Amino acid sequence: MSTVGILGGGQLARMLALSGAPLGLRFLVMDTEADACAGQFAPLLVGDYRDQAALAEFAERVDVATFDFENVPAESAEWLAARVPVFPNPRALGVAQDRLVEKNLFRSLGIPVGDYAAVATCSELEAEVARIGGACILKTRRLGYDGKGQFRIKSADDIGAAWQALGAQAASVGLIVEAFIPFQRELSVVAVRGRAGEFRCWPLTENWHVDGVLSASLAPASVDAGLAAQAFDHAQRLAESLDYVGVFALELFCHDGTLLANEMAPRVHNSGHWTIEGAETSQFENHLRAVLSLPLGSTTMLGHACMLNWVGQMPERSAVLAEPSGHWHDYGKLPRSGRKVGHATLRADTTHELAAALERVGRELDRKPQIAPVASRLLA
Ligand code: AMP
């Protein structure tokens with residue numbers, strides 16, 4: 001029986017462990033926090049990712065290692081990879097940890113990106129904002145997530161405030177300024193690549209964010225087949241260039257019919273949570289199959305699915321459970337502002353049935369603003 005080691009013990013590790021149980025897998029989760037929520041379902045090793053003694057114990061106890069958290073230090077991933085198979089490989093992890101390296105790779109692969117530049121000083125920021133023209137976003141190159149470590153620059157007047165907010169981090173994590181893309185849609189490709197190179201994508205997903213945090217996902221995204229094929233092709237090129245093994249997400253902006261890559265996530269992804277009930281094989285199961293060299297499962301989806309994220313605190317669950325195809329996921333976390341604490345997935349055979357289910361849940365839970373953009377897309 002294989003033991004899968006997971007670095008990071010949040011909800012992604014928890015859902016990996018839950019999906020691996022029917023495959024007869026065991027898990028060991030490592031996290032810096034003793035109350036990491038995956039620890040409710042799998043043995044938890046508490047330790048710092050830079051602590052070699054803890055990493056050595058982890059390596060000793062697992063057959064293969066993977067991540068629920070992409071910001072594990074690259075050196076730690078490499079140290080582990082010298083002792084136990086690690087998927088995705090440390091190079092892929094390293095690329096995804098640095099927005100500049102990642103965007104350079106996209107560009108070199110012919111995957112279109114918006115304009116961007118690294119900046120080390122406030123005067124470089126001024127020069128790049130002037131060169132890019134129009135609104136921009138200043139971001140930390142490393143360690144940013146869920147909209148954290150970002151500052152929107154609507155005009156040159158905001159440059160001082162942006163530097164005030166993030167300039168101090170220029171030396172430690174680096175900064176990148178990007179053109180603000182006035183996109184019509186945000187899409188993501190969730191894909192899996194096996195150890196022998198087999199590649200599969202789930203249907204394209206459309207996503208809505210609030211304050212930089214994912215609020216809702218809808219699959220399949222209603223886009224024309226040509227655009228979806230382009231998105232899948234970008235993802236496959238990226239995966240092959242990194243010799244990627246496992247599940248990853250490629251986040252894309254759709255602007256005037258063109259796809260621009262924003263970032264990749266080298267792990268199972270929030271925009272793929274709907275696959276648990278909405279696809280023949282979930283992203284969690286296929287990630288485990290990939291890292292263990294098992295045949296990949298079908299990524300075919302069953303009807304239409306919408307995932308709603310619960311951020312801060314869990315709502316009351318009965319409205320979702322009352323739906324014929326409503327599914328509830330409580331991550332077992334303490335409530336905290338801005339924290340992802342759970343999600344729900346609604347599934348239906350038709351877009352109209354899904355819109356109706358969403359309307360009922362939105363009304364019952366007093367969450368109309370969260371469901372409104374999804375419902376209007378479904379009914380368009
Ligand atoms: P990120 O951490 O890069 O995924 O950014 C979080 C969210 O901020 C994205 O999902 C977008 O909604 C928004 N965002 C980030 N970068 C840009 C950009 N260059 N143009 C427009 N919106 C952006």
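**Two open sheets and their surroundings in a predicted model**

Strands β6 (residues 136-140) and β8 (residues 175-179) pair in the antiparallel sense over five bridges, where strands count as paired if DSSP finds at least two bridges between them, and where strands (E, at least two residues) and helices (H or I, at least four) are DSSP runs numbered from the N terminus. The model is a predicted one, in which local features need pLDDT of at least 70 and side-chain atom pairs count only at pLDDT 80 or more, whereas totals for chains, interfaces and linings use all residues. Residues are numbered from 1 along each chain as its sequence is written, and side-chain values use heavy atoms, with hydrogens and water left out.

Within the pairing of β6 with β8, cysteine 136 stands opposite alanine 179 of β8. These strands belong to an open sheet of four strands in the order β5-β8-β6-β7, with antiparallel pairing. Because β5 (116-119) and β7 (150-153) stand at the edges and have a single partner strand each, one side of each is left without a neighbour in the sheet. Neighbouring strands are turned against each other by 20 degrees on average, direction ignored, with axes taken as lines fitted to C-alpha atoms, for helices over the stretch in contact, and angles running from 0 to 180 degrees between N-to-C directions. Helix α7 (residues 159-166) packs on this sheet and touches β6, β7 and β8, its direction making about 175 degrees with that of β7; contact here means heavy atoms within 4.5 Å.

A further open sheet is formed by four strands in the order β3-β2-β1-β4, and its pairing is parallel. The edge strands, β3 (44-46) and β4 (64-67), each pair on one side only, and the twist from one strand to the next averages 25 degrees. Strand β1 (residues 3-7) is joined to β4 by four bridges, with valine 4 having valine 64 as its bridge partner in β4. Five bridges join β1 to strand β2 (residues 26-31), and these two strands run parallel; here the bridge partner of threonine 3 is arginine 26. Since five of the five residues of β1 are buried, this strand is largely enclosed by the rest of the structure, buried meaning under 20% relative accessible area, exposed over 50% and partly exposed in between, with a 1.4 Å probe and protein chains only. Both faces of β1 are covered, with Thr3, Gly5 and Leu7 buried on one side and Val4 and Ile6 buried on the other.

Two helical residues were also examined. Serine 76, placed in helix α3 (residues 74-81), is buried with a relative accessible area of 6% and, leaving aside neighbours within four places in sequence, is in contact with Tyr49, Arg50 and Leu55. Proline 90, in helix α4 (residues 90-97), is likewise buried, at 12% relative accessible area, and touches Ala77, Glu78 and Ala81 when residues up to four places away in sequence are not counted.

Charges over rings, defined by NZ of Lys or CZ of Arg lying within 6 Å of the ring centre and within 35 degrees of the ring normal, include arginine 83 over the face of tryptophan 79, at 3.7 Å from the ring centre, and the charged end of arginine 152 over the ring of phenylalanine 180, 3.8 Å from its centre.

The domain assignment, automatic or from a database, gives domain 1 (3-86), domain 2 (115-179) and domain 3 (185-379). The C-alpha centres of domain 1 and domain 2 lie 34 Å apart.
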